[in-house]
Amino acid sequence: MLRAVVGQRVARCLAVEVLGCRANPVRATSSLPQPERKPEIRFNKIFINNEWRNSVSGKTFPTFNPATGEKICDVAEGDKADVDIAVKAAREAFRLGSPWRRTDASERGRLLNVLADLLERDRVYLASLETLDNGKPFKYSFLADLELSIKCYRYYAGWADKNHGKTIPADGDFFSYTRHEPVGVCGQIIPWNFPLLMQAWKLAPALSMGNVVVLKTAEQTPLSANYVAALTAEAGFPAGVVNVVPGYGPTAGAAIAGHKDVDKVAFTGSTEVGQIVAKLAAESNLKRVTLELGGKSPNIVLSDADMENAVEQSHFGLFFNQGQCCCAGSRIFVEEKAYKEFVECSVEKAKKRPVGDPFNADNEQGPQIDGEQTAKIMDLIESGKKEGAKLCTGGNRVGDKGFFIEPTVFADVQDNMRIAKEEIFGPVMQIFKFKKLDEVIERANNSIYGLGAAVFTRDLEKAIYLSNSIQSGTVWINCYDVFSAGTPFGGYKMSGQGRELGEYGLQNYTEVKTVTIKIPQKNS
């Protein structure tokens, strides 16, 4: 493990390189620790009150290795009965006078830092487990997912005793002030594409502000989140503060979203399911909702851009994590004068992208998550062919086991095609041509989504004009997929509600209370 300070600094630099401007797989590969190809599965039950238990029904469900299609293990299948128990435990942990409610804010920050320390300690194991269960290349699990997760916990550890109310000069003989209080029991439902990172995005701000949590993992990827649940107990969080229930969306997920004793729900996933979550929340107790949903992000390349960088970043922005990113730059609009060069370079780069065993450090792309997702991607590839887009490379499955798909590039894509409108969530690049700025702005905004976007240009005025005009929660300029715990992330339109990360992310997990006191006399 990279436990020495020097080793940790090297790993951090490599993570910035992988997620920042120009990834250097060769350098990253040479400094990676060896993964555990067969990590021991230590926790496969339901975590409530800092204890592991079987589901009330006794049911289990299998989780599979997407690189081989083989079963890894069976996991306890939580449903409404288990969610009820978890919510009761959380509610007890949140009662007035409980150890958690009496914990100093600075102590909450210390506990989050201890949790981050434990992730550092077990970094190789967790990255190996993530790669086994999710299929993403180990080097990215280690350098990106773990790095960003650890930094997220540390960032919100720092906020624990720094988010507070104000005194207000109300008229008359009164003293008024505000308190930032925790919301209470927070239901959290995380996706399968970034299990560890999305768990961090949810847990860290909630715990920093003193909330308690009932979290449902994705049925495809329950293992790493379960391990982190065990680490919260080891770190010293009181029983009932963190509860993790593996299970399916229509049962466990719906039970959380519709539970009348859950005060807030946060969901990351598809827009279709997000609408269901919002409806259940409204129909139950009108609980607070934050949603981080789908995207069809426009990536605009002007002819004056550094073309080598634009090609590199657009490739990374689409193919990273096998294209399974909600903010993937899947609609690439290239100015007519640079279109031919961009397409040719992008096709050559896609042809050279190595696909295969995610534990092999030479590979950049692993499998898709499962057969259902693979079938959806292949169906959309076929629709692109039928509707007249030019298939420049890829379009086929890879190998005879697992769920691998060739890096695929379509050119001459038209706005009315399915691949131009639907979220593919796979390694399929779509390239469009445009002539004028106002034209591309209109086309970029002609989507139900508004999660991410990018602009590549050397012209600062054009960069500012375009970024101000695009309806998107995040706009990257001359880069893509650059994330920091301090920068908020979320969507316009049907890409969601609310923001995660940064100081803005704390608003989702606090209630503002006004207290006004009659006093004998107020003086300035």
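The following paragraphs describe aromatic contacts, a strand pairing and the cysteines of a predicted model. Residues are numbered from 1 along each chain as its sequence is written. Because the model is predicted, local features need pLDDT of at least 70 and side-chain atom pairs count only at pLDDT 80 or more, whereas totals for chains, interfaces and linings use all residues, and side-chain values use heavy atoms, with hydrogens and water left out.

A search of the whole structure yields 19 aromatic pairs, a pair being two rings of Phe, Tyr or Trp (its six-membered ring) with centres within 6.5 Å, counted as stacked if the planes are under 30 degrees apart, as edge-to-face if over 60 and as tilted otherwise. One of these is the tilted pair of Phe175 and Tyr177, with 5.6 Å from centre to centre and 35° between the planes. Phe175 is partly exposed at 36% relative accessibility, and Tyr177 is likewise partly exposed at 25%, where buried means under 20% relative accessible area, exposed over 50% and partly exposed in between (1.4 Å probe, protein chains only). Trp201 and Phe483 also form a tilted pair, at 6.1 Å centre to centre and 50° between the planes. This pair links distant parts of the chain, since Trp201 belongs to helix α7 (residues 195–208) and Phe483 to the loop between β21 (474–477) and β22 (492–493), 282 residues apart; helices (H or I, at least four residues) and strands (E, at least two) are DSSP runs numbered from the N terminus. Trp201 is buried, with a relative accessible area of 7%, while Phe483 is partly exposed at 23%.

A single aromatic cluster is formed by Phe43, Phe47, Trp52, Tyr125 and Tyr227. Over the face of Tyr125 lies Arg42, at 4.2 Å from the ring centre, and the charged end of Arg123 sits over the ring of Phe142, 4.5 Å from its centre; the criterion is NZ of Lys or CZ of Arg within 6 Å of the ring centre and within 35 degrees of the ring normal.

Strands β3 (residues 60–65) and β4 (residues 70–76) pair in the antiparallel sense over six bridges, pairing requiring at least two DSSP bridges between two strands. Phe61 stands opposite Val75 in β4, and Gly69 takes a positive phi near 80° in this hairpin, which has four residues between the strands.

The structure holds zero disulfides, a disulfide being a pair of cysteine sulfur atoms within 2.5 Å. The buried Cys152, at 1% relative accessibility, has its closest cysteine sulfur in Cys326, 15 Å away and therefore too far for a bond. For Cys326, which is buried with a relative accessible area of 13%, the closest cysteine sulfur is that of Cys327, at 4.8 Å, again too far for a bond.
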